[in-house]
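Visitor: I would like to be guided through this structure by a series of questions. May we begin with the pairing of its strands?

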Amino acid sequence: MNRTPQQQTFVNKIIAAARAGGGKNFALRARAGTGKTSTVLEMVDDYRKVFPNHEITLCAFGKKPADELSAKLKERGHTDWKKINASTVHSLGFGLLKFMFKSQVDDKKVLKLIDAQNGEVYREHSANIARLVSYAKIEGFGFFNDAQVGDTSAWYRIADHYDINGFDDTTQMDDVIAAAQHIYKASLAQTDVVDYDDMILFPLVKNIRVRFQKDLLVIDEAQDTGRARQALLRKFIKPMGIFIAVGDDRQGIFGFAGAQSDALDQLIEGLNMEVLPLTVCWRCPRSVIEIAQTMVPDIEWAPNAVEGEVLRMETMPDAMEPTDAILCRNTAPLIERAYALLRRGIACKVEGREIGTGLLRMVNRWKVSTIAAFLNKLTDYQEREMQKALAKGNEAKAAEVADRCETLRHICNACTDQRKTQLEDVREFINNMFGDDVKDVVTLATYHRSKGREWTRVFLVEHSTRCPSPYARQPWQQNQEANLAYVAVTRAMATLVYVS
């Protein structure tokens, strides 16, 4: 790898800090397509030559990226996993639980606790109780002072933030929250069995000591790291170790899902990190970078970047390739276009199986069996929930409700076009339409789901009318919308097309 001056500066700074005795922290502010993983691996190569006995952990945001990092480390000759390894934050936490409690993993832990309870609220609202408990764990309830298990207002806050609603009256919500608090306490008491959320939470609330701390710890996608994960990572760094946060504050787009919109800035300030830039994009052509620079001025094209092209079209072209992607701010327009592609015999899928899972929860919300009856329920739900969200000033929630309902209407229309009338047909359509890591077919994805991906030709559908969202009125929401536009534009490796 021929390192850029910025990459070499990053490598030199880390090694110099370690030579000086450590105790210093860094943030690598890596813009889209700038080769952050390669840069970190280059640093690791040089670091290991100088400090062969130091222990290093690279933390990825998910299991698949962690496995890919592990493979790359082995390719570079780093085969001693005790000295250097790639992991996820969850895996680090689970290692502590296995040692302390001999814990076994059961993803259905909370549901089993709910099933063991007596009472109508547990039978009628088990799914909502389970979701509340999960989100409370993600938020670190019982560890942070402003998120205590007995604080009912904190539970109402997360219920509203994560759209756990739709109850007929306030009393039902009170009962659900009381039940969730009970299940949460029961889950905290059960340490021999843990779920995915416990892997982050338990080492914090149980105050488990980390016996083997790291000389060097790197966390990727730091802009999407919530405060519970940040707190757990800090436990793994030696007092004079080096902590490196790698991320792009302008790719922070998951505020709606509970991630702090200023997570990277929080890390930088909290750990007094020295910020180092990585701004040369190796993915996008010059014409696309020129668009990106209107949003993020410091991003640069690579010396060998081709000109590429930025086009504007009224409609989608007739010919589509598996290397193409259709992106949109919202899900509903993607469903409409996916169905149109399928009618033309063009294979495609919508990225994000969990989006389909969320839609199925809506489909199963009411005890109806026909599409017509479901659509009537959906209309009432949308009117009620949007009024409630807007009355509270929660524009983001109103936008989410509108998009979800519009998406389901498109799916129902696609089914009725095929003379299908049963809700089971809608479930089948959803299960067939959504997938993860879509390959070898045309990909359709929301801007959120496109993050971390790249395609030769990218079509942005209805960009000017949907991004920014008209519901984004608070400053943090507007920042997220600007970030979304930047993420979407920088997915294109050759051609970017705006489709009106």
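Guide: Certainly; please note that the model is predicted. We begin in strand 14, where Val350 has Phe434 as its bridge partner.

Visitor: How many bridges join strand 13 to strand 14?
Guide: Strand 13 covers residues 348–351, and strand 13 and strand 14 run parallel. Two strands count as paired if at least two bridges are found between them. The number of bridges joining strand 13 to strand 14 is two.

Visitor: In what order do the seven strands of the open sheet lie?
Guide: The pairing in this open sheet is parallel. Its edge strands, strand 11 (309–313) and strand 14 (434–435), each pair on one side only. The order is 11-17-16-12-15-13-14.

Visitor: What angle does the direction of helix 13 make with that of strand 11?
Guide: Helix 13 (residues 286–293) packs on the sheet, where it touches strand 11 and strand 17 (492–499). The angle with strand 11 is about 75 degrees.

Visitor: Why is one side of strand 3 and of strand 8 left without a neighbour in the sheet?
Guide: An open sheet of six strands, with parallel pairing, has the order 3-2-6-7-1-8. Strand 3 (84–88) and strand 8 (274–278) therefore stand at the edges. One side of each is left without a neighbour because each has a single partner strand.

Visitor: Which residue is the bridge partner of Cys59 in strand 3?
Guide: Strand 2 (residues 56–60) and strand 3 run parallel and are joined by five bridges. Helix 4 (residues 89–101) lies across strand 2, strand 3 and strand 6, at about 100 degrees to strand 3. In strand 3, the partner of Cys59 is Ser87.

Visitor: Is Asp224 buried or exposed?
Guide: Asp224 lies in the loop between strand 6 (214–219) and helix 11 (227–235). Its side chain has a polar contact of 3.3 Å with that of Gln223, and one of 3.5 Å with that of Lys451. Its relative accessible area is 8%; because the cut-off for this class is under 20%, Asp224 is buried.

Visitor: Which helix gives the largest share of the largest nonpolar core?
Guide: In soluble globular proteins, nonpolar side chains tend to be buried together. The largest nonpolar core here has 59 residues, and Trp155 and Tyr184 are among those with the most contacts inside it. Trp155 touches residues including Leu132, Ile177 and Tyr184. The largest share of this core, eight residues, comes from helix 9 (residues 170–189).

Definitions and conventions:
Residues numbered from 1 in each chain as written. Predicted model: local features only at pLDDT ≥ 70, side-chain atom pairs only at ≥ 80, totals over all residues. Heavy atoms only, no water. Core = buried A, V, L, I, M, F, W, Y, C linked by side-chain atoms within 4.5 Å. Buried < 20%, exposed > 50% of the residue type's maximum accessible area, 1.4 Å probe, protein only. Helix = DSSP H or I, 4+ residues; strand = E, 2+ residues; numbered from the N terminus. Contact = heavy atoms within 4.5 Å. Axes fitted to C-alpha atoms, helices over the stretch in contact; angles between N-to-C directions. Polar contact = N/O pair within 3.5 Å; in protein donor to acceptor, adjacent residues only side chain to side chain. Lists of a residue's contacts leave out its neighbours within four places in sequence.
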